[in-house]
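Trainee: I am new to this structure and would like a close look at a single part of the picture, namely the pairing of charged side chains. Please take me through it slowly, with the reasoning spelled out.

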Amino acid sequence: MEFDYVIVGAGSAGCVLANRLSADPAVRVCLVEAGPADRSPLIHTPAGIIGILPTRHVNWAFKTVPQPGLAGRLGYQPRGKTLGGSSAINAMIYIRGHRTDYDDWAALGNPGWSYDEVLPWFRRSEDYFGGANTWHGAGGELRVSALDAHPATHAFIEAGRKTGHAVNPDFNGADQEGVGHYNVTIRNGRRCSAAVAFLHPLRGTRPNLTVMAGGHATRLILRGNAAHGVTVRIKGRDVDLVARRETIVSAGAFGSPQLLLLSGIGDEAGLRPHGIAVRHALPGVGQGLVDHPDYILPYKSPDKSLMGLSLHGAATMTRAFFEYRRSQTGPLASNFGEAGAFLRTDASLSRPDVQLHWVTGIVDDHNRKQHLGHGMSCHVCVLRPKSRGSVGLASADPLAPPRIDPNFLGDDDDVDTLLKGYKLAREIMAAQPLARYAGRELYVDNVRSDDQMIGVLRRRTDSIYHPVGTCRMGSDDMAVVDQRLRVRGMERLRVVDASIMPTLVGGNTNAPSIMIGEKGADMIARDWQ
Ligand SMILES: Cc1cc2nc3c(=O)[nH]c(=O)nc-3n(C[C@H](O)[C@H](O)[C@H](O)COP(=O)(O)OP(=O)(O)OC[C@H]3O[C@@H](n4cnc5c(N)ncnc54)[C@H](O)[C@@H]3O)c2cc1C
């Protein structure tokens, strides 16, 4: 069980790393993943997200600690637990964020991470349906396609235009602002997860790559200040995977800090109560958790072409099932989140501060709550929240979930932005031609004032699944990795995934995580040249 590189976690970043590092036939790479292989049809059928999101099927389905900013509720944090990681259960929307997000990273003391410097890594992976241009790549592993959208999705975009927002043909192009269709990581009607894009095509072609599904990394093997691999629990046995060159932790925003902490890398105060000796004091591990707080405006609708629970809806889904089986088209080839918007809640802002996700059905409580009848929804999230939370250990048991505290709406400015964003979303939902679809907006019957609406926001807001920043890149005392993603003060150990983001980007986080995997792989290969 000796390799040159051992990568922990086959998620968005881990799959890219495994692909790029094993391209050198002279090195042996092991990619270890706690979850099973990605055989479930729910993963590969885009509409399958409806079934995965609320359940434990290939999903860690974490809960947060009680959130004072959310009226004391426990938040829900789904995460992919299979080859492909969260890219195997996400909504497949391809967004990079705002170019200034990356310029901010560089300005915070991370040379090499400005937008102009990361753009080639976004383009490298990409197979853009519109072909290559200044912003997009073609011929890469990750298919980025356009959806065959529902008529109500076109109505959403037109309603946005009528409300005064520019229609944006490409949120990842020259300008992010406006309302428009989302592009998605779907190829020929099937989900293009990081595993589908970067791992499966290698089957049988890379004898130097070992993919080990069902192996839960329990702690890093440390000698002095250097990592020598990782211990993995697989089928009830502990196995040591030795890394001759480097151990790369890509277990995601919750898994990566948890593994470092279990290995004694972190703040003593968080380790001592669990009887874990400090091997390397690094106070920032798990600190700085930031995620997009998201409120959903759900509407009942008399229009039965929208998704819904009814006899009509059941008949539509039956037809959709056969259509999908025949041609991989129709409603089941959709992610249901077909359009959205990036808006400024104040004209004086230099970039959008809220994002909308329009959905062709009612989404309530992560799809854990069902409504009879048909409907539609619009998410609104705060793109750069000020609230910061943390990930820590709830137990020294490596198989126990970590302690997750996003501290949602802990800062009043986030509440203020969310309220303004809610009003912008509501304006679009009330405009024609979308208003034609809308029936009653749920949960706001008795709302007459901003204070009452803030109460609703606190009772109903939760994650839109973009936690980052728990192994933050930087050069200050609380930074966990340096700008080459090496764990500060350690040797032969890197973290490469969404947890390294110095700030949360203004958009969805899959494409950025894949970019981090690309850039990380290049830095690792260069450092060992
Ligand atoms: C429901 C949902 C919807 C989303 N929708 C979108 C969207 O539409 N667009 C978008 O851009 N982003 C979306 N995201 C976010 C995006 O998918 C993630 O930000 C991204 O996948 C994170 O990549 P990562 O490599 O950091 O971690 P992950 O992809 O989560 O990978 C981490 C991997 O490590 C494994 N792991 C964890 N601990 C261990 C351990 N101890 N041992 C071994 N393996 C371990 C996990 O099982 C997982 O496979 C969504 C996320 C979710 C959950």
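**Salt bridges and a helix contact**

Mentor: At a relative accessibility of 33%, Asp476 counts as partly exposed, and this residue is a useful place to start, bearing in mind that the model is predicted. The partner of Asp476 is Arg472, and in this salt bridge the closest N and O atoms lie 2.8 Å apart. Arg472 has a relative accessible area of 21%, so this residue is also called partly exposed, buried being reserved for values under 20%.

From there one can turn to Asp527 and Arg484, whose side chains meet in a salt bridge with an N to O distance of 2.9 Å. Asp527 belongs to helix α13 (residues 510-527), while Arg484 sits in the loop between β25 (462-463) and β26 (493-495), and the pair therefore ties together parts that are 43 residues apart in sequence. Both partners are partly exposed, Asp527 with a relative accessible area of 33% and Arg484 with one of 23%. Salt bridges can also share partners, and in this way Asp101, Asp104, Arg351 and Arg384 are joined into one network.

Another pair to consider is Asp116 and Arg99, which form a salt bridge whose closest N and O atoms are 3.0 Å apart. This pair links distant parts of the chain, with Asp116 in helix α5 (residues 115-125) and Arg99 in helix α4 (residues 99-107), 17 residues apart. Here the accessibilities fall into separate classes: Asp116, at 53%, is exposed because its value is over 50%, whereas Arg99, at 29%, counts as partly exposed. As a general point, side chains of opposite charge can pair when their charged atoms come close. With a cut-off of 4 Å between the side-chain nitrogen and the carboxyl oxygen, the count for this model comes to 29 salt bridges.

Charged residues also appear where two helices pack. Helix α11 (residues 412-429) and helix α12 (residues 450-460) meet at an angle of about 105°, with their axes 10 Å apart, and since angles of 65 to 115 degrees count as roughly perpendicular, that is how α11 runs relative to α12. On the α11 side the contact is made by Asp412, Val415, Leu418, Leu419, Tyr422 and Lys423, and on the α12 side by Asp450, Met453, Ile454, Leu457 and Arg458. Sorted by type, the residues of this contact between α11 and α12 are seven nonpolar and four charged, with no polar ones.

Conventions
Residues numbered from 1 in each chain as written. Predicted model: local features only at pLDDT ≥ 70, side-chain atom pairs only at ≥ 80, totals over all residues. Heavy atoms only, no water. Axes fitted to C-alpha atoms, helices over the stretch in contact; angles between N-to-C directions. Helix = DSSP H or I, 4+ residues; strand = E, 2+ residues; numbered from the N terminus. Parallel < 35°, antiparallel > 145°, perpendicular 65-115°, else oblique. Contact = heavy atoms within 4.5 Å. Nonpolar A, V, L, I, M, F, W, Y, C, P; charged D, E, K, R; others polar. Buried < 20%, exposed > 50% of the residue type's maximum accessible area, 1.4 Å probe, protein only.
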